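Open the structure in your viewer and turn on the cartoon view. We will walk through it one selection at a time.

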Amino acid sequence: MLTLDTICQAPKALLHDHLDGGLRPATIVDLAREFGYRELPTDDVDALAAHIRRGADRKSLELYLETFQYTVGVMQERDALARVAAECAEDLAADGVAYAEVRFAPELHVERGLTTDEVVGAVAEGFREGERRAAAAGRPIVVRTLITAMRQFARSREIAELAIRWRDQGAVGFDVAGPEAGYRPTRYLEAFDHIRHENFHLTIHAGESFGLPSIWEAIQFCGAERLGHGVRIIDDITVLADGSVSLGRLAAFVRDRRVPLEMCPTSNVHTGAAASIETHPIDLLRRLRFRVTVNTDNRLMSGVTLSSEFAALDAAFGLGLGEMEWLTINALKSAFVPFDERLRLINEVVKPGYAHLRALETHVVPAPA
Ligand SMILES: [Zn+2]
């Protein structure tokens, strides 16, 4: 089994991580004090972290999303957004993440008068600062953003235009998130059309709490290049009594077209999309060689890091370094950053990083005399 230290040292790529789902608990308390946010259930950092984690683990996407009121509540000022973004980049870099696409919904951060452009600007500035600090600490990271529109608000077209405006300043794609039941992807077709007509990139949360129709619409009507979660694709796969596997038309399409699945195992257990890590469809999907990627979703709410997710999968399925490297290269092949940057990360960071760790595994280093 891989040690957490080895997993942490291994270069990793993260495609699905929410900015408002990854705050340091101490930062929430600090920001609430600094900006006069009075709705926190407690000022005690550990008690607050426990409260949020308990709130997330209730087997319902809608209940899971309730816990964001505190993080979003303290992310309403320019300086607060920049600080949260800088710390996000630092925390991911410290966890060995070499490339991350972090997503956030600008329309959630305008309660105190910021415009959505000011929100995106503050976050972009924070990420650049976090990248500088991480490089100075010897853990370089490239952080890009995905601009998310919330399903329950009706601003997706406007948010799509916002994403396009920031495409040369760190934004690499567009996403929709929020409650899935009752908000099928085709409701936002105008926004998706705009993104595609501008030759920009698109991922959609689909197939998390809602099944195959949501995945089908996201890919075949909306033009999603990747699926946020996509875990319900398992409903189109049948394991027969003799152990052989039969793929339905949609599952076959997703595999044949190499549609990346942004899988977030612990988050899926918390929202009830999967019963446990051990029974998570990610195991079958990776063995069938779907384009599987491993992600955190919400590090704070789910109490995870990308390394802890890999450790949980390694404990359950025995990934080893070879499979970890495959999953990481899957993520980089699926990233929205330009092709030359993806190649650089694969050839100059990921491959040498795993080769180095494999050498350490096979060569027993003599203990100092
Ligand atoms: Zn998500």
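Start by selecting helix H10, residues 212-220. In this predicted model, H10 lies across strands S5 and S6, with S6 spanning 226-229. Compare the directions of H10 and S5: the helix runs at about 170 degrees to that strand.

**The sheet beside H10**

Now add the rest of the sheet to your selection. Four strands make an open sheet here, in the order S5-S6-S9-S10, and the pairing is parallel. Which strands sit at the edges? They are S5 (203-206) and S10 (292-294), each of which pairs on one side only. Rotate the view to follow the twist, which averages 30 degrees from one strand to the next.

Zoom in on S9, residues 261-263, and its neighbour S10. These two strands run parallel and are joined by three bridges. Pick Leu261 and you will find Val292 of S10 standing opposite.

**A second sheet**

Next, select S1, S2, S3 and S4. These four strands form an open sheet in the order S1-S2-S3-S4, again with parallel pairing. S1 (12-18) and S4 (171-177) are the edge strands, each pairing on one side only. The twist in this sheet averages 25 degrees from one strand to the next.

How many bridges pair S1 with S2? There are five, in the parallel sense, and S2 covers residues 97-104. To see one of these partnerships, select Ala13 and look into S2, where Tyr99 is its bridge partner.

**Two helices on the second sheet**

Keep that sheet visible and add H6 and H7. H6 lies across S1, S2 and S3 (142-150), running at about 145 degrees to S2. H7 lies across S2 and S3, and runs at about 155 degrees to S3.

Hide the strands for a moment to look at the helices as a pair. Two packed helices are described by the angle between their axes and the distance between those axes. For H6 (residues 78-94) and H7 (residues 116-136), the angle is about 35 degrees and the axes are 7 Å apart. H6 passes H7 in a right-handed crossing.

Finally, show side chains where the two helices touch. On H6, the contact residues include Arg78, Leu81, Val84 and Cys88, while those on H7 include Val119, Val123, Phe127 and Arg133. What kinds of residues make up the contact of H6 with H7? They divide into 13 nonpolar, two polar and nine charged. Try colouring them by these groups as your last stop.

Definitions and conventions
Residues numbered from 1 in each chain as written. Predicted model: local features only at pLDDT ≥ 70, side-chain atom pairs only at ≥ 80, totals over all residues. Axes fitted to C-alpha atoms, helices over the stretch in contact; angles between N-to-C directions. Left-handed = near helix turned anticlockwise from the far one by under 90°. Contact = placed C-beta atoms within 7 Å. Nonpolar A, V, L, I, M, F, W, Y, C, P; charged D, E, K, R; others polar. Pairing = 2+ DSSP bridges.
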